[in-house]
Amino acid sequence: MITESISYYLDHVFPDFEPELKQRLAKDCILKYIPAGEVIMRTGQFIKHTLLIGSGRVKLYRQGDDGEEAFIYNLEPGSACALSMICNTKQEASEIMAKTVEDTVAIMIPIQLMDELMQKYKSWYYFVIANYRARFEELLVVFDNVVFKGMDERLEFYLKNHFENRKTNILTITHQEIGNDLNTSREVVSRLLKKMEQDKKIRLLRNSIQWLS
């Protein structure tokens with residue numbers, strides 16, 4: 001359910017946007033409520049909008065030929081999907097899947113506006129560049145974790161990243177969900193989490209994890 005206006009999200013979640021840009025987005029974009037668990041972007045789909053996340057959380061996945069899903073990164077409030085921006089500007093089909101994992105409110109920017117926003121508004125230009133850089137760095141971290149680190153290090157980094165991004169010390173998540181994101185089994189995750197609890201880094205609660213470090 002949407003309880004605020006598009007101007008509210010632009011002012012409170014995207015405060016660095018210049019006033020003229022906010023006015024243009026408020027005039028030509030729409031606000032959309034997307035319930036948790038909904039796929040909002042599919043592999044092979046042509047994208048008509050870029051999403052600015054006003055609230056909630058979206059997960060991006062890369063799908064293999066056998067249908068398996070590999071977690072890439074989260075979209076949190078104040079961010080946008082850099083990959084969808086690239087697909088928009090080149091009018092290419094998406095190579096990723098995106099799914100809401102919390103009830104989400106998004107500002108939908110039509111593809112037709114992208115070139116004009118880049119050329120006319122400096123704050124939008126810098127926002128896009130910053131998103132590209134942040135996502136590239138996240139992909140490098142994923143690569144480093146897969147190639148150079150063991151599953152225990154990958155799990156600890158994964159948890160730290162989630163706690164920091166959500167600014168909380170209690171994370172509501174299942175062992176199966178973590179296993180899906182890290183491409184490992186629930187049993188492996190449970191065993192490593194138990195070891196982290198023994199090391200007093202976390203406390204395991206019912207369907208949630210408390211960070212102690």
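Two strands count as paired here if DSSP finds at least two bridges between them. Keep that in mind as we walk through this structure, which is a predicted model.

Let's start with a pair that meets that rule. Strand β4, residues 58-63, runs alongside β5 in the antiparallel sense, and the two are joined over six bridges. If you want a spot to anchor your eye, look for Tyr-61, which stands opposite Phe-71 in β5. Now, how many of the seven residues of strand β5 are buried? Five of them are, so β5 (residues 69-75) is largely enclosed by the rest of the structure.

Stay with β4 a little longer, and find Lys-59. This lysine forms a salt bridge with Asp-181, and the closest N and O atoms are 2.3 Å apart. The pair links distant parts of the chain, since Lys-59 sits in strand β4 while Asp-181 belongs to helix α7 (residues 175-182), 122 residues apart. Are the two partners buried or exposed? Buried means under 20% relative accessible area. Lys-59 has a relative accessibility of 0%, so it counts as buried, and Asp-181, at 5%, counts as buried too.

That bridge is one of 13 salt bridges found in a search of the whole structure. Here's another one that ties together distant parts of the chain. The side chains of Lys-201 and Glu-156 meet in a salt bridge, with 3.0 Å from N to O. Lys-201 is in the loop between α8 (186-198) and β9 (202-205), whereas Glu-156 is in helix α6 (residues 151-166), and 45 residues separate them. Lys-201 is partly exposed, with a relative accessible area of 25%.

While you're in this part of the chain, there's a record to mention. UniProt, in an unreviewed entry, places the feature "domain: HTH crp-type" at residues 149-213. In the model, that span is 57% helix and 17% strand, and its end C-alpha atoms lie 20 Å apart.

Next, head back to helix α2, residues 19-28. Leu-21, Lys-22, Arg-24 and Leu-25 are buried in this helix. They cover an arc of only 165° around the axis, so they end up on the same side of α2. The general reason such patterns can arise is that an α-helix has 3.6 residues a turn, so residues three or four places apart point the same way. Turn to the other side of α2 and you'll find Pro-19, Gln-23 and Lys-27, which are exposed.

Lys-27 is worth a second look. Its relative accessible area is 64%, so it is exposed, and it forms a salt bridge with Asp-28, with the closest N and O atoms 3.3 Å apart. Asp-28 itself counts as partly exposed, at 27% relative accessibility. These two aren't on their own, either: Arg-24, Lys-27, Asp-28 and Glu-116 are linked in a network of salt bridges.

Two last stops. In the loop between α3 (82-90) and β6 (97-100) you'll find Ser-94, which counts as buried at 2% relative accessibility. Ser-94 and Ser-84 are ten residues apart in sequence, and their C-alpha atoms are 7.0 Å apart in space.

Finally, which residues form a nonpolar patch on the surface? They are Tyr-125, Tyr-126 and Ile-129, with about 320 Å² of accessible area together. Tyr-125 is found in helix α5, residues 122-148, and is partly exposed, with a relative accessible area of 38%.

Notes. Residues are numbered from 1 along each chain as its sequence is written. This is a predicted model: local features need pLDDT of at least 70, side-chain atom pairs count only at pLDDT 80 or more; totals for chains, interfaces and linings use all residues. Side-chain values use heavy atoms; hydrogens and water are left out. Buried means under 20% relative accessible area, exposed over 50%, partly exposed in between (1.4 Å probe, protein chains only). Helices (H or I, at least four residues) and strands (E, at least two) are DSSP runs, numbered from the N terminus. Patches are made of residues with over 30% relative accessible area and no salt bridge: like charges are joined within 9 Å, nonpolar side chains (Val, Leu, Ile, Met, Phe, Trp, Tyr) within 5 Å. Accessible areas come from the Shrake-Rupley method with a 1.4 Å probe; for residues, only the protein chains shown count as cover. A salt bridge is a side-chain nitrogen of Lys or Arg within 4 Å of a carboxyl oxygen of Asp or Glu. UniProt positions are given in the numbering used here, feature names are shortened, and annotations may be inferred rather than shown by experiment. The arc is that of the directions from the helix axis to the C-beta atoms.
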